Amino acid sequence: MDFTKPIYISTQSGGYLDINSIGSSDVTTSLGPRSGYKVMATSLGASNAVGYVDKRAVDDGIDVGDAYLTGRQVDIQCAVFGSTLADFHSRMQDLSDSMRINPRYYDSSYGFRDLKFSQATIDTSTYTTGSADLRMVVRPIGVPNVIYNQAASIEQSVSTSASRGFSATMNLSFMAREPYRFRQTQRQISISVSSVSGSVATTSLPNVGTAPSKPVIEIIHPSTNTAGVTITSITFTVDSKTVKLNNLVFDAKDTNNETRWFVDFDLHAVYRGVRTTSGGTYAQTLRLDVVDLTFFQFGVIVAKDDGSSVLSTTWGGPSKPDTIVAKYSEAYY
């Protein structure tokens with residue numbers, strides 16, 4: 001983490017709280033009482049491998065199979081500053097409130113939410129500013145322990161006549177659902193199927209991360225208002241894995257109403273989304289009945305060190321999609 005830039009934790013209502021709002025120099029210079037937050041230290045815990053390991057019955061050593069990484073613990077030491085006693089306690093309360101394990105806003109993700117930060121890098125070909133904006137998907141382990149004592153009242157200025165400020169330290173602990181640090185901005189690759197003369201499209205899926213990525217593929221049809229159609233079949237192949245969908249029904253489209261299909265390569269699921277207001281969200285319904293069980297393997301976009309990935313899309317029947325969009329987050333360990 002870059003401690004000279006903002007660090008955001010998600011609040012219980014879906015907003016963000018900058019827990020690094022005070023600049024590094026402001027902590028030591030004589031500017032009077034401070035008001036805000038300063039991250040003093042952080043720890044990205046280890047992620048241990050889990051998988052099949054068994055002792056050999058008739059030989060030395062072990063038999064092994066696939067192994068995968070667990071989540072990881074993230075600990076942040078945050079100093080809380082208040083210019084007045086009321087300001088100090090209000091900021092302590094705001095930070096404590098943000099550490100609720102499972103507020104209603106995050107019910108669908110079981111309390112997991114974004115922790116956003118920046119990291120300096122020499123990879124200026126990818127990050128032209130020399131700083132990578134990253135995020136982790138985390139959930140508080142619990143409400144932090146808070147200690148109030150007389151030491152919280154501290155002198156914040158060289159001037160002896162300056163008002164006294166207040167400060168205390170809170171230790172924040174999170175569990176990351178996955179051991180990755182994701183780029184904050186998703187990569188989106190659009191395939192204009194309507195401009196393809198045949199029934200097959202091949203598209204490169206770049207990945208600058210060191211971890212594999214799992215896309216969500218959005219199937220859009222059509223781009224203009226029209227009557228409803230059914231796409232007989234559509235097949236996606238990536239990393240030598242193939243998933244095939246049959247009979248995708250698209251309702252008639254107008255200004256407000258539209259149907260889209262979503263293929264989630266992370267959850268191994270297919271959803272039919274329906275929008276009833278212009279610019280609104282798509283209410284999604286799980287539809288595994290459209291999956292052809294003969295081809296039910298979801299591939300991944302391999303890490304940059306493992307090669308390159310190409311998405312091959314094939315469709316059949318009289319109707320074909322208008323546009324296909326692959327969305328995914330590149331990630332680092």
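Arg272 is buried, its relative accessible area being 14%, where buried denotes under 20% relative accessible area, exposed over 50%, and partly exposed the range in between (1.4 Å probe, protein chains only). The structure is a predicted model, in which local features need pLDDT of at least 70 and side-chain atom pairs count only at pLDDT 80 or more, whereas totals for chains, interfaces and linings use all residues. Residues are numbered from 1 along each chain as its sequence is written, and side-chain values use heavy atoms, with hydrogens and water left out.

Arg272 forms a salt bridge with Asp251, with 3.0 Å between the closest N and O atoms; a salt bridge here is a side-chain nitrogen of Lys or Arg within 4 Å of a carboxyl oxygen of Asp or Glu. Because Arg272 belongs to strand 18 (residues 269-275) and Asp251 to the loop between strand 16 (241-250) and strand 17, the pair ties together parts that are 21 residues apart in sequence. Helices (H or I, at least four residues) and strands (E, at least two) are DSSP runs, numbered from the N terminus. In contrast to the buried Arg272, Asp251 is partly exposed, at 36% relative accessibility.

Across the whole structure, 16 salt bridges are found. One of them joins Glu218 to Arg260, whose closest N and O atoms are 2.5 Å apart. This pair links distant parts of the chain, with Glu218 in strand 14 (residues 216-220) and Arg260 in strand 17 (residues 258-264), 42 residues apart. Both partners are buried: Glu218 has a relative accessible area of 6%, and Arg260 is at 18% relative accessibility. Glu218 also forms a salt bridge with Lys327, with the closest N and O atoms 3.1 Å apart. Here too distant parts of the chain are linked, since Lys327 lies in strand 22 (residues 323-328) and Glu218 in strand 14, 109 residues apart. Lys327 is partly exposed, with a relative accessible area of 24%. Through shared partners, salt bridges join Glu218, Lys253, Glu258, Arg260, Arg275 and Lys327 into one network.

The nonpolar interior was examined next. The largest nonpolar core contains 29 residues, of which Ile19, Ile76, Leu95, Leu115, Leu172 and Phe174 touch the most other members. A nonpolar core is a set of buried Ala, Val, Leu, Ile, Met, Phe, Trp, Tyr and Cys residues joined through side-chain atoms within 4.5 Å. At least two residues of this core come from each of strand 3 (36-44), strand 6 (72-82), helix 1 (85-97), strand 7 (113-120), strand 8 (131-140) and strand 10 (165-176). Strand 10 gives the most, with 6 residues. Leu95 contacts Ile9, Leu17, Ile19, Tyr37, Cys78, Val80, Met170 and Leu172, leaving aside its neighbours within four places in sequence; contact means heavy atoms within 4.5 Å. Apart from this core lies another, of 28 residues, among them Ile191, Ile234, Phe265 and Ile301.

Two serines occupy the loop between helix 1 and strand 7, namely Ser98 and Ser108. Ser98 is buried, with a relative accessible area of 3%, whereas Ser108 is exposed, with a relative accessible area of 70%. Not counting residues up to four places away in sequence, Ser98 touches Ile9, Ser10, Thr11, Gln12, Leu17, Arg113 and Pro140. A polar atom of the Ser98 side chain lies 3.0 Å from the backbone oxygen of Asp94. From C-alpha to C-alpha, Ser98 and Arg272 are 33 Å apart in space and 174 residues apart in sequence. For Ser108 and Thr314, the C-alpha to C-alpha distance is 33 Å, with their positions 206 residues apart in sequence.

A further serine, Ser309, lies in strand 21 (residues 309-316) and counts as buried at 5% relative accessibility. Its side chain places a polar atom 3.0 Å from the backbone nitrogen of Val302. Beyond neighbours within four places in sequence, Ser309 is in contact with Thr203, Ser204, Leu205, Val238, Val300, Ile301 and Val302.

At the surface, Leu286, Leu288, Leu293 and Phe296 make a nonpolar patch of about 410 Å². Patches are made of residues with over 30% relative accessible area and no salt bridge, like charges being joined within 9 Å and nonpolar side chains (Val, Leu, Ile, Met, Phe, Trp, Tyr) within 5 Å; accessible areas come from the Shrake-Rupley method with a 1.4 Å probe, and for residues only the protein chains shown count as cover. Within this patch, Leu286 lies in strand 19 (residues 283-286) and is partly exposed, with a relative accessible area of 47%.

Terms used. Polar contact = N/O pair within 3.5 Å; in protein donor to acceptor, adjacent residues only side chain to side chain.
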